[in-house]
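Q: I would like to learn how to read a protein model step by step, beginning with contacts and ending with confidence. Could we take the features in turn?

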Amino acid sequence: MILSRSHRLQTYNVKTTLECHVACSGDDACVSVVIEKASGLLCHLGSSLAASDCSNMEAVNGSVKFYKEKKTKESPARPEMCKNGGVYSVDNDTCQCEAPYHGTNCTHVYRDCKDIGNTGQTEKRPYLIHPPASPAPFPVFCIPNLGRTYFFQQTKGDVDFNRTWQEYVRGFGQVSGDHWLGLDHVRHLTLNEGKNYGLMFALTLSNGTKVYVLYSDFQLGGADTGYKFTMNPNVPNRPPGDCLSPLVGAPFSTYDNDSDNSTTINCAQRHGWGWWYSGDTCSSVCSALGRLNKNSDLWSGDERDAFWTVDSVHMSLKAVQAYLRVQ
Ligand SMILES: [Ca+2]
């Protein structure tokens, strides 16, 4: 049997079967080949998938030894198939997707930096992501191969964290530098279906020591809860300066939105940054967002300065990063 004439594009004499497959791959319309052994080898390029429909075949004298289908693309990349702003490229017959979309038809979306890492990208830089719960895409700083999506970072000390409620909700600073991603964005990230996130603090004490504190199953509530967070209460090895455990169930506070459960103190105003404060002690074991101090190992005692409590000693901070990573 060979392909019926209406499904035959070209017929060549070839010396090897390989030559026939090469001819097919060079012809955009070719989706199958039938190689007929006659006096020599006849190569029929076909426009149909011969294997799946025998009505395309007809009997002839001689023997068809085999045919092989050309592997079809995952999905046709025609202009109308490029979704979400993707642009069809005639040159390489693909959709050029606009971030945060990717895939053959630009229908897949990066939900976090882990998704970006899964595509093989490794460059540390800002990327656009779009968790489905978010009404729009937004930029985040990523370390893709480690799956890190930054929540906030303070390394230069050039961004003032004494901000309003609205700024803490929406985010501030540039994600390529010191910044706060925003409570709404983090909330939407932690709603990503099928993903559980750990929240990691990576701290550089002013004496050069690095301290890492990991909280698993971190989940941020929405505006209706005051952005309270939950997490796994079993913090491994009780890390130095377990900052968050005492604050589970506390709503977020800023100087203009005091929910710190103290009737006498406005903790955010006193310290100069927004945080989950609780009670008259405010934030007694850590200050990730206070002013950095690169010159003194020990905390100055000024409540506006950053510190982390390690072995009951308040240590100065010269850098702090916090990121979410898929568990
Ligand atoms: Ca108060």
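Q: Leaving aside its neighbours within four places in sequence, which residues is phenylalanine 151 in contact with?
A: This is a predicted model, and in it phenylalanine 151 is in contact with Leu181, Val186, Leu199, Ala322, Tyr323 and Leu324, once neighbours within four places in sequence are set aside.

Q: Which residues touch the most other members of the largest nonpolar core?
A: The general idea is that, in soluble globular proteins, nonpolar side chains tend to be buried together. Here the largest nonpolar core has 58 residues, of which Val140, Tyr150, Phe151, Leu317 and Ala322 touch the most other members. Strand β23 (residues 313-326) supplies the largest share of this core, 6 residues. There is also a second, separate core of 7 residues, which includes Cys24, Val33, Ile35 and Leu45.

Q: Where do the side chains along strand β16 point?
A: In a regular strand the side chains alternate between the two faces of the sheet. Strand β16 (residues 197-205) shows this alternation: Tyr197, Leu199, Phe201, Leu203 and Leu205 point to one face and are buried, whereas Gly198, Met200, Ala202 and Thr204 point to the other and are not.

Q: With which strands does β16 pair?
A: β16 pairs in the antiparallel sense with strand β17 (residues 210-220) over 7 bridges, and with β23, again in the antiparallel sense, over 9 bridges. On the β17 side, leucine 199 has tyrosine 215 as its bridge partner, while in β23 leucine 317 stands opposite leucine 205. β16 and β17 form a hairpin with 4 residues between them, and in the turn glycine 208 has a positive phi of about 95°.

Q: How many residues of helix α4 are buried?
A: Helix α4 (residues 183-190) is mostly covered, with 8 of its 8 residues buried; among them are Asp184, His185, Arg187 and His188.

Q: Why does asparagine 13 count as exposed?
A: The reasoning rests on counting neighbours, since a residue is exposed if 12 or fewer other C-beta atoms lie within 10 Å of its own. Asparagine 13 counts as exposed because it has 11 C-beta neighbours inside 10 Å. Its place is in strand β2 (residues 8-14), and it touches Gly40 and Leu42, not counting residues up to four places away in sequence.

Q: Where does pLDDT stay under 50?
A: The protein averages a pLDDT of 86, and 89% of the residues score at least 70, but over residues 51-73 pLDDT stays under 50. For residues 51-73 the model has 45 contacts beyond four places in sequence.

Definitions and conventions
Residues numbered from 1 in each chain as written. Predicted model: local features only at pLDDT ≥ 70, side-chain atom pairs only at ≥ 80, totals over all residues. Buried ≥ 20, exposed ≤ 12 C-beta atoms within 10 Å, placed from the backbone. Helix = DSSP H or I, 4+ residues; strand = E, 2+ residues; numbered from the N terminus. Core = buried A, V, L, I, M, F, W, Y, C linked by C-beta atoms within 7 Å. Contact = placed C-beta atoms within 7 Å. pLDDT = per-residue confidence, 0-100. Pairing = 2+ DSSP bridges.
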